[in-house]
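User: I am new to this structure and would like a close look at a single part of it. Please take one residue as the point of entry and connect it to its surroundings in one continuous account.

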Amino acid sequence: MKREVAAEIVDSLKEAGVDFVATLTEANLHDLVMAIGEDTAIHHVPVTREEEGIGICAGAYLGGKKPAMVMMNAGFLLSANALATVCIHPGIPVLMLIGHSGGVGEENAGHATVGALTEPVLQAMHIVYEKVGRFEDIRPTIHDSQMLARSSRRPTAIVLNKQALR
Amino acid sequence: MKRYDCLRAVAPRFGDELVVTNLGAVRHEWQALRPHPGNYHLQNLGLTSSMALGLALALPHRKIVAFDGDGSLLLNLGSLATIANQHPTNLIHIVFDNECYESSRGAPTATAGQADLAAVARGCGFTHVVTAKTLAEFEEGFRRALKSNDLYFILAKVEAGAADVPAAALDSQENKYRFVRYIEQSENLKILTSTLSRASDPHAK
C-alpha cells in the first residue's frame, strides 16, 4: 500500500469518529498499520490473532470507543465465530477493513481459495460490505460504512482490493 | 476450593467494578451473587480476556474484572501477550482453572497435563501473577489486586463443579443494552446512536 493511501485511510477513519483500531499486519497492510501506530488520536492495539481483535474492539465499544479492525481476509475467515457470537448476536458494531488477497490482480496462486471465499462468507454472515480500490472512494466509503455499523449495531466491512493495497 | 466459593468470598468487595464473565456456569453463579448492570456475560469461549482488555483500555479509570476459565484462555493464549504489552493498570484477569471442560462434560484441558497458565502469563510479561490454591490465598490475591493500580493475573486452582443457582435470566441482547445504558449513565457517554423521526420536525419540508 502506498503511503498516501495509508494516510488517506487513517485520516478518513478519524473523520468518521474512529478512535480505536486493532490490527494484524501483513505486507500489503504494513504502511497502514505503521501509520495507525504513529497517530496519537487513535489507540492502536496490535493483536496476535484476528479474532482476539474482534473481542478487543467489542469491549472497547461497550466502553464508549469507536473501534475498527484492520486485517487480511484470512484473518476475517478466522474470525467468523467471534463475529457471530461477540458482535452479531448481541448487536455490537465494528468497522472492518479487510485486505483482499486472492482477489482481482492477485499474483500468488496460494491465496486464490481464501480470496474466492471472502465475499461469500461475508454474504453468508449478512455483513454489509463495500469493495474499494480507487483512492477517491476511500473517504466516503469509510464514512458510510461506519455510519451503518453504528446505526445498525452490526459489523460492517470494507474490502480493500489490490488496487488499494498495491 | 470451588469457583463458587471464590466468587462468594469476593462478591461483597464489589462496588462499581465492571465484570466480564466467561461462557459456562460462572455467569449464572456470578449473576446470582452480584446482580448488577455492570456484568457482561460473554457468549463466546475464548474472548473473555480480550473483551475485558477492550473495556479496560476504553475506561482506564474504571476497574475491570475478567472471570475467565482455563479452557477459554487456552483458546486465546495470545491475548496474554497483547494484554501485557498494553498493560492496562485497571484490569484484574482471574482464571478459574478446573483443569477440564466442565460445561462440556468434563474432558481434561491442557492444564490437567503440563501447562501452567500463571507461567504463561509471567512469560508474556505480567509482573503481578498470583496462583491461589486455597480460598485464603485467593481472597488475599484479589484484595491486593483490587487495592493496587496495576495489572494483575490471578490463577485460582479450583475443583470442577457448578453451584446450584438459578439460570441468569438475561438474553445477550438484553445484557448488552443494560450494560451499555449503565455505561452511558455512569460515564456520561453517548454510545447508542438515535435519530429523530423526520415527521416529528415541524419545519421539515
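Analyst: The residue chosen is Asn28(A), which is found in the loop between β1 (20-23) and α2 (30-38) of chain A. The model is a predicted one. Asn28(A) has a relative accessible area of 16%, and because the limit for a buried residue is under 20%, Asn28(A) counts as buried.

Its surroundings come next. Apart from its neighbours within four places in sequence, Asn28(A) is in contact with Met1(A), Met72(A), Lys162(A) and Leu165(A). Gly64(A) offers a point of reference elsewhere in the chain: 36 residues separate Asn28(A) and Gly64(A) in sequence, and their C-alpha atoms are 30 Å apart in space.

One of the contacts of Asn28(A), Lys162(A), leads on to a charged pair. The side chains of Lys162(A) and Glu106(A) meet in a salt bridge, with 3.5 Å from N to O. Glu106(A) lies in the loop between β4 (95-99) and α6 (112-124) of chain A, while Lys162(A) lies in helix α8 (residues 162-165) of chain A, so the pair ties together parts that are 56 residues apart in sequence. The two partners fall into separate exposure classes: Lys162(A) counts as buried at 10% relative accessibility, whereas Glu106(A) is partly exposed, with a relative accessible area of 22%.

Other salt bridges can be followed in chain A. Glu15(A) pairs with Arg139(A), and the closest N and O atoms are 2.7 Å apart. Since Glu15(A) belongs to helix α1 (residues 3-15) of chain A and Arg139(A) to helix α7 of chain A, this pair ties together parts that are 124 residues apart in sequence. Glu15(A) is exposed, with a relative accessible area of 53%, and Arg139(A) is partly exposed, at 21% relative accessibility. Both residues also belong to a network of salt bridges that links Glu8(A), Asp11(A), Glu15(A) and Arg139(A). A further salt bridge joins Glu136(A) to Arg134(A), where the closest N and O atoms are 3.6 Å apart; Arg134(A) is partly exposed, with a relative accessible area of 45%. Over all chains, the count comes to 20 salt bridges.

The interface between the chains gives the wider setting. Chain A and chain B bury about 2400 Å² between them, and 60% of that area is on carbon and sulfur atoms. The contact takes 30 residues from chain A and 30 residues from chain B. The number of salt bridges between chain A and chain B is zero, while nine residue pairs are in polar contact across the interface. On the side of chain A that touches chain B, β2 (43-46), α3 (50-62), α5 (80-88) and α7 (135-152) of chain A each supply at least two residues. The largest share of that side, nine residues, comes from α3(A). By class, the side of chain A that touches chain B has 13 nonpolar, twelve polar and five charged residues.

Chain B offers a view of how a helix packs. In helix α1 (residues 3-10) of chain B, the buried residues are Arg3(B), Tyr4(B), Cys6(B), Leu7(B) and Val10(B). They lie on the same side of α1(B), because they cover an arc of only 160° around the axis. These buried residues pack against α2 (25-33), β3 (64-69), β4 (91-97) and α7 (135-147) of chain B.

Technical notes
Residues numbered from 1 in each chain as written. Chains lettered and ligands numbered in written order. Predicted model: local features only at pLDDT ≥ 70, side-chain atom pairs only at ≥ 80, totals over all residues. Heavy atoms only, no water. Buried < 20%, exposed > 50% of the residue type's maximum accessible area, 1.4 Å probe, protein only. Helix = DSSP H or I, 4+ residues; strand = E, 2+ residues; numbered from the N terminus. Arc of directions from axis to C-beta. Contact = heavy atoms within 4.5 Å. Buried area = accessible area lost by both parts, 1.4 Å probe. Salt bridge = Lys/Arg side-chain N within 4 Å of Asp/Glu carboxyl O. Polar contact = N/O pair within 3.5 Å; in protein donor to acceptor, adjacent residues only side chain to side chain. Nonpolar A, V, L, I, M, F, W, Y, C, P; charged D, E, K, R; others polar.
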